[in-house]
Amino acid sequence: MYAVIKTGGKQYRVVSGEKLKIEQIPAEVGAEVVLDQILMVGEGETVTVGTPTVVGATVKATVLSQGRHDKVRIFKMRRRKHYQKHQGHRQNYTEIRVDLIADGAALVPSD
């Protein structure tokens, strides 16, 4: 069973037991979070698409860590004008492990 979730303005396709890095959410390491914006749930040939979300569907996940991605370097330059600008950015993230996908009818635990 898989689900398409929406969090942090992005969409992710997740399955039970999968680890992924999402935009930072306020939760302690080891805490269980419930993601309730489920756009689609599928299992084999059966697919449930929400309008816009699937009613009653949830994804339970455990927070593994909070961290920051690698630095992205931004360099701007105008040739022959002696203009150079250096900038860097590190985005915060939350690493989670998907434990359970519930489509409202059946529960599928991770292995």
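This report describes the β-sheet of a predicted model.

## Sheet order

Four strands form an open sheet in the order β2-β1-β5-β6, and their pairing is antiparallel. The edges are held by β2, residues 10–15, and β6, residues 46–49, each of which pairs on one side only. From one strand to the next, the twist averages 15°.

In general, the strands of a sheet pair through backbone hydrogen bonds, in a parallel or an antiparallel sense.

## Pairing of β1 with β5

Strand β1 covers residues 2–7 and pairs with β5 over four bridges. The two run in the antiparallel sense. Within this pair, Y2 has G42 of β5 as its bridge partner.

## Pairing of β5 with β6

Strand β5 covers residues 38–43 and is joined to β6 by four bridges, again in an antiparallel arrangement. Two of the facing positions can be named: V41 stands opposite T48 in β6, and G42 stands opposite V47 in β6. G42 thus appears in both pairings of β5, as the bridge partner of Y2 and opposite V47.

## The β5-β6 turn

Strands β5 and β6 form a hairpin, with two residues between them. One residue in the turn is G44, whose phi is positive, at about 65°. The hairpin leads into β6, an edge strand of the sheet.

How values were computed. Residues numbered from 1 in each chain as written. Predicted model: local features only at pLDDT ≥ 70, side-chain atom pairs only at ≥ 80, totals over all residues. Heavy atoms only, no water. Pairing = 2+ DSSP bridges. Axes fitted to C-alpha atoms, helices over the stretch in contact; angles between N-to-C directions.
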